Structure formats: structure tokens, C-alpha cells
Amino acid sequence: QMFTRDAGEMIVAKPYYLLRDSGAGEQALSFVLAMLIIAGYISAVRGKVTLAEIVVPATIAIVLLWPWETFRFVLPLTPFAIYYALLGLRSIFHLHLRLREQPRKPEWPGLTVIAIFIIGLHVYGNIGYIILKRTPVLTERPGLILAFEENEGVLRWINERLAEGVIATPNPPLVHLYTGRKTVASDEPSKNWQTWNKTGVRYLAYISALRMNDPDLSEARYTVLYKPNGALNLRVVDLGPPETRQSWGAALPTRMMN
């Protein structure tokens, strides 16, 4: 992820997203930029080791222990990534001069132009994002904003309308932070069914930034309490009282409640 995605998003986010949306080239772009960052870091270490040359690899080493997406953790390193990428370009420039046996030339004019270009891309991308975020046309708004609002709507409904009971959900920390309810992970209901009965799990709350699957045959026997008209297929399902409900298994028609 760091090589084929994060480096591209950090340094040239707008071109990276354009290539990603077109379906070709974004991983190669990110990989080339990652190589420039590494070359620049080596150049910096050979010149003089500062606190940055210690903190940056130490931070990356910690992030590598994280089992999911890494971008949120390496994003604060963007200034260092840009700096090292520029140093990498400087190293390539000097190597080019040596191979052609040309005298050393100042590299700062070209690097300054590139730095201004990178900064301009970031400013342009952020201004465009802010404009789209505030547009009244919902279909043109950023996908993550729409996903957040859809999830937040479900969480508000839980706060305002849902009776007491432990909630099983794909995102227990988020649901707990928003609602104060006791939550457990919703993975493998059939395997954890007895544990859910003992701990008082009453509801399933499907919260996710990605579209959820449609109810399977096992889930279909329970009552859907709330389902917004969104693209993510989010929903809140009542499993019934632990003492009397049927086990996770064969399907019955789903009942809808407003």
C-alpha cells in the first residue's frame, strides 16, 4: 500500500486519483515516487543524519505493524515525503551530469519549479474538494462524505429510536462512540450465537464506508427495523429477545417497520 498507493496520494494526489479513476497507471506512478523518496532519504542520510531521518523510518516501522489501511498514518509524513522526493530528483540530476561528464550545475531552479507545481496540485485538489463538498447536487459530492452522512443517519436513528440492548456491528468502536451502547463485533453470527445470547446481544447494526451485502438466508428470518435509502445498504436488524428468538439459520420473510 505504501509503495503502490500512499506515495502517490501523498505527493501528487490529484493526478493519482485521475489515473485511478481511469483504471490505469496509478500504481506505477506511486511506485516511481516511492523510489524517489527512498533515493532522497539515502541522499539525506549520506549528507547528515537529522532527527527527521530517525523519526520517519521509526514511524513507518510502527505503521507496518498495523494490519489495515496505512494512509491515515503516513499522511502526516507528507512534507518529508515531498522533501525526500526532491532530493531523489537532485540525485538523479547529479548522476546524469556525471554520466555525461558535465560540470556540476545548480539544481535549485528546477527543484523550485517542481516544488511549486506539487504545492499547486495540492491547493487545486483541496479547493476542488471543498467546492464539491458544499455542492447542493448530492451525486457530485465526494463519496466519503456521502458515506459518512449515511452512516451518521443510521447512528442518529439508533440514538433516537432504538430500544436498549447490546448491538453487534462491523464497527463496534464507532457505534459505541456515537451511541454509548454496548457493542460487539458482528463477525460469524452462527459461531458466536451462544456468546451473543449470554451477553444480551439484541440488534445487528450494519455500519460501513463500503456497500454491505444483501441479507442472506440466515438473516432474513429477523426483522429489519431501519434501512435508509442510501447506496451502502446499511440497516438495523432486531434479532429478538435472546431467551425466545430462533437460532441463526433458515430464512423466513423479512418484515419491515417504519
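How many of the ten residues of helix 1 are buried? In this predicted model, the count is eight, so helix 1 (residues 2–11) is mostly covered. The buried set is made up of Met 2, Arg 5, Asp 6, Ala 7, Gly 8, Glu 9, Met 10 and Ile 11. As for what does the covering, a run of other helices is involved, including helix 2 (13–22), helix 3 (26–47) and helix 4 (51–63). Helix 5 (71–74), helix 6 (78–99) and helix 7 (108–133) also belong to the cover over the buried residues of helix 1.

Helix 1 turns up again in the pockets. The largest pocket holds about 2,200 Å³ of space. It is lined by 45 residues, and those closest to its centre are Glu 9, Glu 69, Phe 71, Leu 144 and Ala 209. Of these, Glu 9 is one of the buried residues of helix 1. Several helices put at least two residues each into this lining: helix 1, helix 2, helix 5, helix 7, helix 8 and helix 9 (172–179). Helix 8 gives the largest share, with eight residues. Sorted by class, the lining of the largest pocket comes out as 28 nonpolar, nine polar and eight charged residues.

The second largest pocket has about 420 Å³ of space. Its lining counts 18 residues, with Ala 34, Ile 37, Ile 38, Val 56 and Ile 60 closest to the centre. Here the helices that supply at least two lining residues each are helix 1, helix 3, helix 4 and helix 6. The make-up of this lining is 17 nonpolar residues, one charged residue and no polar ones. Helix 1 therefore contributes at least two residues to the lining of the largest pocket and also at least two to that of the second largest.

Two residues of helix 8 make a handy contrast. Asn 151 sits in this helix, which spans residues 143–161, and Glu 160 lies in helix 8 too. Asn 151 is buried because its relative accessible area is 7%, below the 20% cut-off. Glu 160, on the other hand, counts as exposed because its value is 62%, over the 50% mark. Leaving aside residues up to four places away in sequence, Asn 151 touches Ile 207, Ser 208, Ala 209, Leu 232 and Leu 234. One of these contacts, Ala 209, is also among the residues closest to the centre of the largest pocket. Glu 160 can be set against Ile 60, a residue 100 places away in sequence: the two C-alpha atoms are 42 Å apart in space. Ile 60 itself is one of the residues closest to the centre of the second largest pocket.

Now for the sheet. Five strands build an open sheet with mixed pairing, in the order 2-1-3-5-4. The edge positions go to strand 2 (183–185) and strand 4 (223–226); each has a single partner strand, so one side of each has no neighbour in the sheet. On average, neighbouring strands are turned by 30° against each other, direction ignored. Two helices pack on this sheet. Helix 9 touches strand 1 (166–169) and strand 2, and its direction makes about 170° with that of strand 2. Helix 10 (residues 189–199) touches strand 1, strand 2 and strand 3 (201–206), its direction making about 115° with that of strand 3.

Strand 3 is mostly covered, with five of its six residues buried. Strand 3 runs parallel to strand 1, and three bridges join the two; Ile 167 stands opposite Tyr 203 of strand 3. With strand 5 the sense is antiparallel, and four bridges make the join. Within that pairing, Leu 204 has Val 237 as its bridge partner, while Ala 205 is matched with Val 236.

Strand 5 (residues 235–238) also pairs with strand 4, again in the antiparallel sense, over three bridges. Val 224 finds its partner in Val 237, and Thr 223 finds its partner in Asp 238. Val 237 thus has a bridge partner in Leu 204 as well as in Val 224. In a regular strand, side chains alternate between the two faces of the sheet. Strand 5 is covered on both faces: Arg 235 and Val 237 are buried on one side, and Val 236 and Asp 238 are buried on the other.

Key:
Residues numbered from 1 in each chain as written. Predicted model: local features only at pLDDT ≥ 70, side-chain atom pairs only at ≥ 80, totals over all residues. Heavy atoms only, no water. Buried < 20%, exposed > 50% of the residue type's maximum accessible area, 1.4 Å probe, protein only. Contact = heavy atoms within 4.5 Å. 1 Å grid on protein atoms, 1.4 Å probe; cavity = no way out; pocket = protein on both sides within 12 Å on 5 of 7 lines; lining within 4 Å. Points joined across faces, edges and corners; volume = space filled by probe spheres on them. Nonpolar A, V, L, I, M, F, W, Y, C, P; charged D, E, K, R; others polar. Pairing = 2+ DSSP bridges. Axes fitted to C-alpha atoms, helices over the stretch in contact; angles between N-to-C directions.
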